[in-house]
Amino acid sequence: METATRQLIEYARYHRDPRNIATHFVGIPLIAFGIAVMLARVPLGGADALLPGAHWLVWALTGVWYLRQGRWSLTVPTLAVLAALVALADPLGEADTATWLTWGLGSFVVGWVFQAVGHVWEGRKPAFFDDLRGLLVGPMFVLAELLMALGLLRSLRESIEQAAGPVRRRTAPVAGGQ
C-alpha cells in the first residue's frame, strides 16, 4: 500500500462524520490561503531578486513531500489546487498592511473556526494533534473526498472505508473525545 493511501486512512479515522468533512472543504482551503497570504510578504533575496516569495518556497517544499507519498493521481492535483491558492495570495503580499493582515489572518482564523466546529461534531481531536503530518494530509484528504464524491478513486474509498469505517453522522457523545 503506497504512503498516500496509508496517510489518508489514518487521517480518515479522525474524519468520519459528514459534517466534519464538510467543514474541512471550507476550513482547509482558507487556512492554506491564509498561510500563503502571510508568507507572500516575506521576500527571498533582495528587492530586485528573481526568487519568488516565501509562499512559493513553502509550496515547493510541501510539493516534494506530496510527490513522495505516491498516488500521483491525487498528489499532483493537490499540488495544483495549492498552487492556485498561492497564486491568489500573490497580489495580497503587495497590498497595504491592513488588507494583507485582514486577508491573511482573517482567512487563517476563520478556517480554524470551521475546523474546530467540525471536530466538535466529530467528537474527536484533529488528526495533527497526534501526528503533525496531518497538516499536510488535510488538503489531500479534501481533494480525495471531492474526487470520491464524483465517483472517482473507488479503490481508495474502499480502502479507507475498510480500515476507518464508513462516513456516518455521529449521534452519541464519544467518551473522552476519542
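Here's a quick briefing on the largest pocket, helix α6 and two residues, Val58 and Thr78. Keep in mind that this is a predicted model. The largest pocket comes in at about 520 Å³, and its lining has no charged residues. Helix α6 supplies at least two of the lining residues and is largely enclosed by the rest of the structure, since 12 of its 16 residues are buried.

**The largest pocket**

- The volume of the largest pocket is about 520 Å³, and 29 residues line it.
- Closest to the pocket's centre you'll find Ile31, Ala32, Ile35, Leu135 and Pro139.
- Five helices each put at least two residues into the lining: α2 (18–40), α3 (54–67), α4 (72–93), α5 (97–122) and α6 (134–149).
- Helix α2 gives the largest share of that lining, with 7 residues.
- If you're thinking about chemistry, the lining splits into 21 nonpolar and 8 polar residues, with no charged ones.

**Helix α6**

- Helix α6 runs to 16 residues and spans 21 Å from first C-alpha to last, close to the 22 Å expected at 1.5 Å a residue.
- Because 12 of those 16 residues are buried, α6 is largely enclosed by the rest of the structure.
- The buried set is Gly134, Val137, Gly138, Pro139, Met140, Phe141, Val142, Leu143, Ala144, Glu145, Leu147 and Met148.
- What do the buried residues of α6 pack against? Their partners are α1 (3–12), α2, α3, α4 and α7 (154–164).
- After α6 comes Gly151, which has a positive phi, near 90°.

**Thr78 in α4**

- Thr78 sits in helix α4, and its relative accessibility is just 2%, so it counts as buried.
- A polar atom of the Thr78 side chain lies 2.8 Å from the backbone oxygen of Leu74.
- Leaving aside residues up to four places away in sequence, Thr78 touches Tyr66, Pro139, Met140 and Leu143.
- Three of those names also turn up in α6's buried list: Pro139, Met140 and Leu143.
- Pro139 links the topics here, being among the residues closest to the centre of the largest pocket and also a contact of Thr78.

**Val58 in α3**

- Val58 belongs to helix α3, one of the helices that supply at least two residues of the pocket lining.
- Is Val58 buried or partly exposed? With a relative accessible area of 35%, Val58 is partly exposed, because buried would need a value under 20% and exposed one over 50%.
- The C-alpha atoms of Val58 and Val86 are separated by 9.7 Å, with the two residues 28 apart along the chain.

Notes:
Residues are numbered from 1 along each chain as its sequence is written. This is a predicted model: local features need pLDDT of at least 70, side-chain atom pairs count only at pLDDT 80 or more; totals for chains, interfaces and linings use all residues. Side-chain values use heavy atoms; hydrogens and water are left out. On a 1 Å grid over the protein atoms alone, a cavity is a set of points where a 1.4 Å probe fits but cannot get out, and a pocket is an open set with protein on both sides within 12 Å along at least five of seven lines; lining residues have an atom within 4 Å of a point. Grid points are joined across faces, edges and corners, and a volume is the space filled by probe spheres set on the points. Helices (H or I, at least four residues) and strands (E, at least two) are DSSP runs, numbered from the N terminus. Ala, Val, Leu, Ile, Met, Phe, Trp, Tyr, Cys and Pro count as nonpolar, Asp, Glu, Lys and Arg as charged, and the others, Gly among them, as polar. The expected span of a helix is 1.5 Å times one less than its number of residues. Buried means under 20% relative accessible area, exposed over 50%, partly exposed in between (1.4 Å probe, protein chains only). Contact means heavy atoms within 4.5 Å. A polar contact is a pair of N or O atoms within 3.5 Å; within protein, one must be able to donate a hydrogen and the other to accept it, and residues adjacent in sequence count only if both atoms are side-chain atoms.
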